[in-house]
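Biologist: I'd like to learn how to read a model like this one. Could you take me through it feature by feature?

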Amino acid sequence: MTRLKDVVIIGAGPAGMACAVEAAAKGLSTVVLDENPQPGGQVYRAIESASENRLRVLGHDYARGRELASEFRQSSGVDYHPGSTVWNIGPDRLVEFSRDGKSSAIRASHLVVATGAIERPCPLPGWTLPGVTTAGALQILLKTSGITYQDTVLTGSGPLLWLLAAQMVDAGSPPKAIVETVPRGRLFNALPELMTALGAREYLLKGMSMIRKVKRAGVRIHVGADDIAIEGSGAVSAIRFRSKGTEHRIATDAVALHQGVVPNQQVTRLLGCRHFWDDSQKCFRPKLSEDRETSCAHVYVAGDGGGIEGAKSAEMQGRLVGLAIAEKEGHGTDPRISELRLTLKREAHVRPFLEKLYAPSRQILHPDDATVICRCEEVTAGSVREAVTQGAPGPNQVKSFLRTGMGPCQGRICGLVVTSVISESGGKSPDDVDYYRIRPPLKPLPLAELADYSADIPGSRDTA
């Protein structure tokens, strides 16, 4: 018989760890499933094994993750399963996953989705060339191995771009250049949001400090960049762009792209949770209650999977969800619930300013016809526009025409871009266009793992 647990959490980043700690402390049977070998998620990746020098390079905010990971490990009521890939979840909250080459299942009274965010795709001419990566991928290298690319050109916009640049400076390998795509006049347009942002001014001060550090290191910064193209035959050899009316070309064998992060909506889409288009973040988000419950009863989202607010807010959201579930299970109302709600509102004050300032560039939202937008199936933006003219009203019909979203990424990379191109071409809102229907398995699954299926969880491992 499949075991029933009070709380099953998918993801062991800041939101997942914090939720598990609070739920277990209230006496709820709590299981955490995570793909990574250690807790931390993307933002605190490899936090338990990071050296003191790496903690210095990555900064205080990263080091904070060690305290949370320690709290998580010491929570004796948490049944933690690293290296677990969730590949299906049923409407009855039956969670099916693979670990150590075998598939298992567990049923949740309450399911918490803490799968975080993914980087926004950056379809540009040449973005599929070897040597092109994302800012997040470079951070993974830095966090797990202390490795940085030499002479990398960072291209795009957003706080993570400046954070990575500052970390590369501290690591002794500054970027060769930063090609920032924030248009001229965007800062002026964002000024009306600045007064609200001052309610969380520490984020603004941190951002200004990172920019000063990068400038003092002598890194070349090109602002207002547009018409970006990555050149190369077989691999990257240069990046070309226009800035302040002048054409530029920088020779390089490494380009890192970034245009912000967006919620990872694969799990909530699979479950049929209601989503809406957030025009300020230019992405879909699940519709959530005050306690972050989705439109599907007993399914919650904690962290950036419900909207981008950062690691600090993700941890608080995780604690809020854990306490809210405990309250529903009859464990009383914890006074911290009200405090967490108020603090989360304050933390969100900076978001409207950042979202207006660092909105994705025109070239990313509206790629030219020749640009590949579905990397797995090598489908161009022009092909999608042609499918719209032939009567395809949305991503699922385009998928039938062109196989977009049918590759290994299962639409994670191309989904938002396909929606954007269809919306522009068909003259409809993104909400009307909608998104891919997500089907199991959520991740590629070897048949051998499916064949070796057990209703019990093998090798349960507590954090104590």
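Modeller: Sure, we'll go through cores, rings, empty space and backbone in turn. First, the ground rules: this is a predicted model, where local features need pLDDT of at least 70, side-chain atom pairs count only at pLDDT 80 or more, and totals for chains, interfaces and linings use all residues. Residues are numbered from 1 along each chain as its sequence is written, and side-chain values use heavy atoms, with hydrogens and water left out.

Biologist: Which residues touch the most other members in the largest nonpolar core?

Modeller: A nonpolar core is a set of buried Ala, Val, Leu, Ile, Met, Phe, Trp, Tyr and Cys residues joined through side-chain atoms within 4.5 Å. Buried means under 20% relative accessible area, exposed over 50%, and partly exposed in between, with a 1.4 Å probe and protein chains only. The largest core here has 43 residues, and Val8, Val86, Ile89, Val95 and Leu111 touch the most other members. Helix H16 (residues 415-426) gives the largest share of this core, five residues; helices (H or I, at least four residues) and strands (E, at least two) are DSSP runs, numbered from the N terminus. Apart from this core lies another, of 35 residues, including Leu28 and Tyr300.

Biologist: What does Ile89 touch?

Modeller: Contact means heavy atoms within 4.5 Å. Not counting residues up to four places away in sequence, Ile89 touches Ile10, Leu94, Val95, Leu111, Val267, Leu270 and Leu271.

Biologist: On to rings. How many aromatic pairs are there?

Modeller: A pair of aromatic rings is described by the distance of the centres and the angle of the planes. Rings of Phe, Tyr and Trp (its six-membered ring) pair if their centres lie within 6.5 Å; planes under 30 degrees apart count as stacked, over 60 as edge-to-face and the rest as tilted. The count comes to five aromatic pairs. One of them joins Phe72 and Tyr80, edge-to-face at 5.1 Å centre to centre with 80 degrees between the planes. Phe72 is buried at a relative accessible area of 0%, and Tyr80 is buried at 0% too.

Biologist: Why is the pair of Tyr435 and Tyr436 called edge-to-face?

Modeller: Because their planes are at 65 degrees, with the ring centres 5.6 Å apart. Tyr435 is buried at 4% relative accessibility, and Tyr436 is buried at 2%. Together with Trp277 and Phe284, they form one aromatic cluster.

Biologist: What about charged residues? Is Glu347 buried or exposed?

Modeller: Glu347 counts as buried because its relative accessibility is 2%. You'll find Glu347 in helix H11 (residues 336-347). Leaving out residues up to four places away in sequence, Glu347 touches Ala200, Glu202, Tyr203, Lys312, Ser313 and Met316. Now look at Glu424, in helix H16: Glu424 is partly exposed, with a relative accessible area of 40%. Apart from neighbours within four places in sequence, Glu424 is in contact with His366 and Arg385.

Biologist: Now empty space. How many cavities are there of 30 Å³ or more?

Modeller: Rolling a probe the size of a water molecule over the atoms shows where empty space is left. On a 1 Å grid over the protein atoms alone, a cavity is a set of points where a 1.4 Å probe fits but cannot get out, and a pocket is an open set with protein on both sides within 12 Å along at least five of seven lines; lining residues have an atom within 4 Å of a point. Grid points are joined across faces, edges and corners, and a volume is the space filled by probe spheres set on the points. There are three cavities of 30 Å³ or more, and the largest holds about 70 Å³ of space. Its lining includes Arg120, Trp277, Ile364 and Ser420, and H16 gives the largest share, three residues.

Biologist: And the second largest pocket: which residues lie nearest its centre?

Modeller: Gly405, Met406, Gly407, Gln410 and Pro441 do, out of 16 lining residues. The space in this pocket is about 310 Å³.

Biologist: Last, the backbone. Where is there a cis peptide bond?

Modeller: Most residues other than glycine have a negative phi, and most peptide bonds are trans. Here the bond from Pro440 to Pro441 is cis, with omega near 0 degrees. Pro441 sits in the loop between helix H17 (430-433) and helix H18 (447-451). As for phi, Lys244 has a positive value of about 55 degrees although it is not a glycine. Lys244 is in the loop between strand E13 (238-243) and strand E14 (246-251), and it is exposed, with a relative accessible area of 60%.
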